[in-house]
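Colleague: Hi! Could we go through this structure together? I have a handful of questions.

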Amino acid sequence: TPASLDETLTPYLKSHNLPALAAAVTRNGQIIAAGAVGTRRAGTQIPVTLDDRFHIGSDSKAFTALLAGMLVEEGKLRWTSTTADIFPELSPTMNPGLRAVTIEQLLSHTGGLPNDNETFGKLLAESYGQDGNLDEMRYWLVQQWSRQPLATKPGTHFAYSNMGYTFAGAMLERITKQTWEELVATRIFDPLGLTSAGFGPQSTLGRTDAPLGHRARPDGTLEPMLAGPNGDNPLIIGPAGTIHLSILDFARWGAWQTAQGTRAPNLVRPETIRKLQAPIIAFSVPNPAPGTPSHGQYCLGWGLMKLPYAREPFLTHTGSNTLNLALIMLQPKQDFALVLATNVAHKQADAALRSAAATLYGKFGKA
């Protein structure tokens, strides 16, 4: 039975203005501690549980990168496969610089695409009017974006791009003729037994059956956001961040990653996991938004960061859809994982997750 973290987590609810907070710790593939405190909906008393679904935002990117690794192993994709290779029919009208951008560059945010900008926002708004399944909608988005100029030369600069990950997801869909959601559900969720995992808002439409995301008002009060069109990122950018799952399943995902391909199920070879977890480019972000690290190195769906309270750097990622916030921290050499999630995404929430992570690492992380 995992040790309870409830006593450690509870003070953060009041000190950092959080509706709910959950965390879990794993070592050697086992969940050794876990806790979930607070309420699903601010202003009510609907206690969260360890089985409640939390939204993990951009922590979904590691799932997209893993899918790419699977297809590389199967010979259906190369890390050097370009956008023009996968979408040859778009090449004549595609921006010349974009034609040579590789899947590896898209997954490491070095494809030359800009940070999410006004054009990206307008296209997302227009995407709601497109016909077809999500893969067809993503192809439409790729078509529209493919004419945009690059911000930098591919492979030279880091720019965090949700469009880049959506582009990568559309490439995987073209190769497999399945939606990204089908690929993640059948090739990752099911084999790993992540039974709580799904996509979009973590609660069901019309119900508070999971912790609702919250919008922070200027006066500090929290507005619960029900499932619906404003309850999550647009589903079209799923490859960049629409997964939800319980804190226990989040921990199981982290524990599987720390084994670097040596723990069942063997979805890919160890060398592929090491490829995904290897740093590609250093980055520095001035005045980062909540959930965005200020510095470190980026791999493929993962960041690498050194923190003052640990000798070994952490393989890590934060995720937010602006209503929820999640943090995953791994030390593969120690076979150690730490995951945290809350259902609000203001600066206080970011501070709470990082402070709680340091506390939990002090208790459980030192071998």
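Colleague: Let's start with a hairpin. In the hairpin of β12 and β13, which residue takes a positive phi?

Modeller: Threonine 322 does, with a phi near 80°. Four residues sit between the two strands of that hairpin. Bear in mind that this is a predicted model.

Colleague: Good to know. How many bridges pair β12 with β13, and in which sense?

Modeller: Six bridges, in the antiparallel sense. Strand β13 covers residues 325-331. As an example of the register, threonine 318 has leucine 327 in β13 as its bridge partner.

Colleague: And what joins β11 to β12?

Modeller: Three bridges, and again the two strands run antiparallel. There, glycine 303 stands opposite threonine 316 of β12.

Colleague: How many residues of β12 are buried?

Modeller: Six of its seven residues are, so β12 is largely enclosed by the rest of the structure.

Colleague: Now pockets. What is the volume of the largest pocket?

Modeller: About 920 Å³. Its lining is made up of 42 residues. Ser58, Tyr160, Asn162, Thr292 and Ser320 are the ones that lie nearest the centre.

Colleague: Which strand gives the most to that lining?

Modeller: That would be β12, with five residues. Several elements supply at least two lining residues each, among them α6 (118-127), α10 (238-241) and β10 (295-298). Strand β11 (303-305) is also one of that group.

Colleague: What is the lining like by class?

Modeller: There are 19 nonpolar residues, 19 polar ones and four charged ones.

Colleague: Speaking of charge, how many salt bridges does the count come to?

Modeller: The count comes to 16 salt bridges. In general, side chains of opposite charge can pair when their charged atoms come close.

Colleague: Let's take arginine 138. What does it form a salt bridge with?

Modeller: Its partner is glutamate 173, and the closest N and O atoms are 2.7 Å apart. The pair links distant parts of the chain: arginine 138 belongs to helix α7 (residues 134-145) and glutamate 173 to helix α8 (residues 162-176), 35 residues apart.

Colleague: Is arginine 138 buried or exposed?

Modeller: Buried, with a relative accessible area of 0%. Glutamate 173 counts as buried too, at 5% relative accessibility. The cut-off for buried is under 20%.

Colleague: What about arginine 269, which glutamate does that one pair with?

Modeller: With glutamate 73, where the closest N and O atoms are 3.9 Å apart. Arginine 269 lies in the loop between α11 (247-258) and α12 (270-276), while glutamate 73 is in helix α2 (residues 61-73), so the salt bridge ties together parts 196 residues apart in sequence.

Colleague: How accessible are those two?

Modeller: Arginine 269 is partly exposed, with a relative accessible area of 42%. Glutamate 73 is partly exposed as well, at 24%.

Colleague: Any other salt bridge to look at? Which residue pairs with glutamate 223?

Modeller: Arginine 215, with 3.1 Å between the closest N and O atoms. Glutamate 223 is partly exposed, with a relative accessible area of 23%, and arginine 215 is partly exposed at 41%.

Colleague: And which residues do shared partners join into one network?

Modeller: Glu73, Arg269 and Glu271 are joined that way, through salt bridges that share partners.

Colleague: Changing topic: what is the order of strands in the open sheet of three?

Modeller: The order is β4-β8-β5, with antiparallel pairing. β4 (53-55) and β5 (198-199) stand at the edges with a single partner strand each, so one side of each has no neighbour in the sheet.

Colleague: How many bridges join β5 to β8?

Modeller: Two, and β8 spans residues 243-246. Glycine 198 has histidine 244 in β8 as its bridge partner.

Colleague: Last one, back to α6. Is alanine 125 buried or exposed?

Modeller: Exposed, with a relative accessible area of 52%. Alanine 125 lies in helix α6. Its C-alpha atom is separated by 8.8 Å from that of proline 234, although the two are 109 residues apart along the chain.

Colleague: And where is glycine 129?

Modeller: In the loop between α6 and α7. Glycine 129 counts as exposed, at 59% relative accessibility. From glycine 129 to alanine 255 the C-alpha distance is 40 Å, with their positions 126 residues apart in sequence.

Methods. Residues numbered from 1 in each chain as written. Predicted model: local features only at pLDDT ≥ 70, side-chain atom pairs only at ≥ 80, totals over all residues. Heavy atoms only, no water. Salt bridge = Lys/Arg side-chain N within 4 Å of Asp/Glu carboxyl O. Buried < 20%, exposed > 50% of the residue type's maximum accessible area, 1.4 Å probe, protein only. Pairing = 2+ DSSP bridges. 1 Å grid on protein atoms, 1.4 Å probe; cavity = no way out; pocket = protein on both sides within 12 Å on 5 of 7 lines; lining within 4 Å. Points joined across faces, edges and corners; volume = space filled by probe spheres on them. Nonpolar A, V, L, I, M, F, W, Y, C, P; charged D, E, K, R; others polar.
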